Amino acid sequence: MLDDTFTLKKLEIFLAFMKAGTLADTAENLGMSTVSVHRAIHSLEESLKCSLFRQEGRLLVPLPSALVLEERVQSIVASLDDAVKVTRETAGIYSNKFKLGALYSLTLNTVPRLIAGMKLRKGDLNIELTLDSNEVLFRKLKSVELDAALVALESGFRDDDFTCLPLFNDEVLLAVPADSDLSDAEPLDLSEFREQTFVTLKKGFATSRDSYRAFERAGFEPNVVMEVSDIFSLISMVSAGVGYALLPRRVEAVFENKIRLLPLKGMEDIRQSISMVCLANRERDPRILSCIAECRAYSREL
């Protein structure tokens, strides 16, 4: 039975000595004094209750017991290193897997650009993409199910638990079918649409939050005939004439043949701050640093 004086540190010093061959070289390699190295080896012998070396002048010559211990300990340390690596990878830390979360609407341009850039920076990075609402993405960040997420933050957002890197701001506009006869010459008054039908994203999505903020400012409760779980379905419903919707400008270029986006009077300050967010205590993770660097490059391009 081993006592409490038997430690992994002493085994590591022992292995370093067996590799270096002398106390002086071992001390230099480990940044320790020769006295500390000698004391650790002697203490290890006391813990094992057997000799590992014989003294020949100033030299310590390994006995067969030391050679056996070296062989077995090398295997144990390698297994322990592997256990630590697997544990960290399971927790999503310091592995080649990167779990990125994003809003559905950001897959149109932002997400592909960032993923391509990150793959150029770290070719061995295996990126796993999760698409969901703002609410769900934040919950997964907190539970370390995601390494980073691309979300829409409210103006003035501040939370010391998170590190946030703004990418761009996006305004919210009225989405109408592409063949609508509504004019975009002047901003529209949303209050004039109180009798119209609307389709929205389900609660928890940033665009749903901003839509209801706009409705409240316009002074009416919208007649919502359908709630959907992704922005692509929402655009299809608007295109088919099911109802109007409020959408961020970033979808316009891709779906201009299906919908038109028209400015709204007095709603200019209802904007989404698209940002990369990660846990503050994980921002030094090399994979997250790579994501931060690519997000900064993308932001500068914009």
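**Figure 1. Residues lining the largest pocket of the predicted model.** The lining of the largest pocket consists of Asn134, Glu135, Phe138, Ala152, Leu153, Glu154, Phe157, Gly204, Phe205, Ala206 and Arg209. Two or more of these residues come from each of helix 6 (134–142), strand 5 (148–153) and helix 7 (206–218). Helix 6 makes the greatest contribution, giving three residues to the lining. When the lining is sorted by class, six residues are nonpolar, two are polar and three are charged. The space in this pocket amounts to about 170 Å³.

**Figure 2. The largest pocket in relation to domain 2 and domain 3.** Residues of domain 2 (97–167 + 273–301) and residues of domain 3 (169–271) both take part in the lining, and the largest pocket therefore lies between these two domains.

**Figure 3. The domains of the protein.** The domain assignment divides the protein into domain 1 (8–91), domain 2 (97–167 + 273–301) and domain 3 (169–271). Domain 2 is thus listed with two segments, 97–167 and 273–301. A separation of 68 Å lies between the C-alpha centres of domain 1 and domain 3.

**Figure 4. Strand 9 and its pairing with strand 6.** Strand 6 (residues 162–177) and strand 9 run antiparallel and are joined by four bridges. Within this pairing, Ala175 has Ala245 of strand 9 as its bridge partner.

**Figure 5. The two faces of strand 9.** Strand 9 comprises residues 245–248, and both of its faces are covered. Ala245 and Leu247 are buried on one side, while Leu246 and Pro248 are buried on the other. Ala245, the bridge partner of Ala175, is thus among the buried residues of strand 9.

How values were computed: Residues numbered from 1 in each chain as written. Predicted model: local features only at pLDDT ≥ 70, side-chain atom pairs only at ≥ 80, totals over all residues. Heavy atoms only, no water. Buried < 20%, exposed > 50% of the residue type's maximum accessible area, 1.4 Å probe, protein only. Pairing = 2+ DSSP bridges. Domains from an automatic or database assignment. 1 Å grid on protein atoms, 1.4 Å probe; cavity = no way out; pocket = protein on both sides within 12 Å on 5 of 7 lines; lining within 4 Å. Points joined across faces, edges and corners; volume = space filled by probe spheres on them. Nonpolar A, V, L, I, M, F, W, Y, C, P; charged D, E, K, R; others polar.
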